[in-house]
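Me: I have a model open on my screen and would like a close look at one part of it. Could you walk me through that part, and then show me how it fits with the rest?

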Amino acid sequence: MPTTKTRLNPDKLLNSKWTAAAPRNKEKHFLVVALNRHAADGPVQTVTLEAVYTRRQSELPWRALTDAAQWLQGWK
């Protein structure tokens, strides 16, 4: 089964909601709490996701959110 890609504008990801396709440690729902750039006016490189249940934060490349096999947009 081919993996579908979601089209995203990285500058509009802040405060967006995501659902992990394969939740781990009761962490299913996430919020984007930060956009990380190498320069103040540079392009978004990574995002910081915060698990709603545990408040644990993790950083990942923003393009990882386009993989529908890993992430679903919104809370499902």
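Reply: Happy to. Let's begin with Leu72, which is partly exposed, with a relative accessible area of 30%. Please keep in mind throughout that this is a predicted model. Leu72 has its place in strand E5, a strand that covers residues 71–73.

What does Leu72 touch, once residues up to four places away in sequence are set aside? The answer is Lys17, Trp18 and Thr19. Strand E1 runs over 17–24, so you can look for these partners of Leu72 there. The backbone shows a link to this part of the chain too: the C-alpha atoms of Leu72 and Ala20 are separated by 6.4 Å, although the two residues are 52 apart along the chain.

Ala20 is a handy landmark, as it turns up again with Ala68. That residue lies in the loop between strand E4 (57–61) and E5. Ala68 counts as partly exposed, at 23% relative accessibility, and its C-alpha atom is separated from that of Ala20 by 9.3 Å, with their positions 48 residues apart along the chain.

Now step to Trp71, also in strand E5. Which residue does its ring pair with? The partner is Phe30: the ring centres are 5.2 Å apart and the planes stand at 85 degrees, so the pair is edge-to-face. An angle over 60 degrees is what earns that label. Phe30 lies in strand E2 and Trp71 in strand E5, so the pair ties together parts that are 41 residues apart in sequence. Both Phe30 and Trp71 are buried, and the count of aromatic pairs in the model comes to one.

Strand E2 takes in residues 27–37, with Glu27 among them. Is Glu27 buried or exposed? Glu27 is buried, with a relative accessible area of 5%, and the cut-off for that word is under 20%. Leaving out neighbours within four places in sequence, Glu27 is in contact with Ala20, Ala51, Thr54 and Arg56. Here is our landmark Ala20 once more, this time as a contact of Glu27.

Two loop residues are worth a click while you are in this area. Asn25 lies in the loop between strand E1 and E2, and has a positive phi of about 55 degrees although it is not a glycine. Asn25 is exposed, at a relative accessible area of 66%. Arg55 sits in the loop between strand E3 (44–51) and E4; this residue, again not a glycine, has a positive phi of about 65 degrees. With 52% relative accessibility, Arg55 counts as exposed.

Finally, zoom out to the whole chain. The protein chain has five strands and zero helices, giving the pattern β-β-β-β-β along the sequence. Its radius of gyration is 12 Å, close to the 11 Å that the globule rule gives for 76 residues, so the chain is as compact as a globular protein of that length. Of those 76 residues, 33% are buried. Among contacts between residues at least 6 apart in sequence, 41% join residues at least 24 apart. As for charge, the chain carries 12 positive and 6 negative side chains, and the centres of the two sets lie 8 Å apart. The accessible surface comes to about 5300 Å², with 51% of it belonging to carbon and sulfur atoms.

Methods:
Residues numbered from 1 in each chain as written. Predicted model: local features only at pLDDT ≥ 70, side-chain atom pairs only at ≥ 80, totals over all residues. Heavy atoms only, no water. Helix = DSSP H or I, 4+ residues; strand = E, 2+ residues; numbered from the N terminus. Rg over C-alpha atoms; globule rule 2.2 N^0.38 Å. Buried < 20%, exposed > 50% of the residue type's maximum accessible area, 1.4 Å probe, protein only. Contact = heavy atoms within 4.5 Å. Areas by Shrake-Rupley, 256 points an atom, 1.4 Å probe, with all protein chains shown as cover. Lys, Arg positive; Asp, Glu negative; His and termini not counted. Charge placed at Lys NZ, Arg CZ, Asp CG, Glu CD. Phe/Tyr/Trp six-rings, centres within 6.5 Å; stacked < 30°, edge-to-face > 60°.
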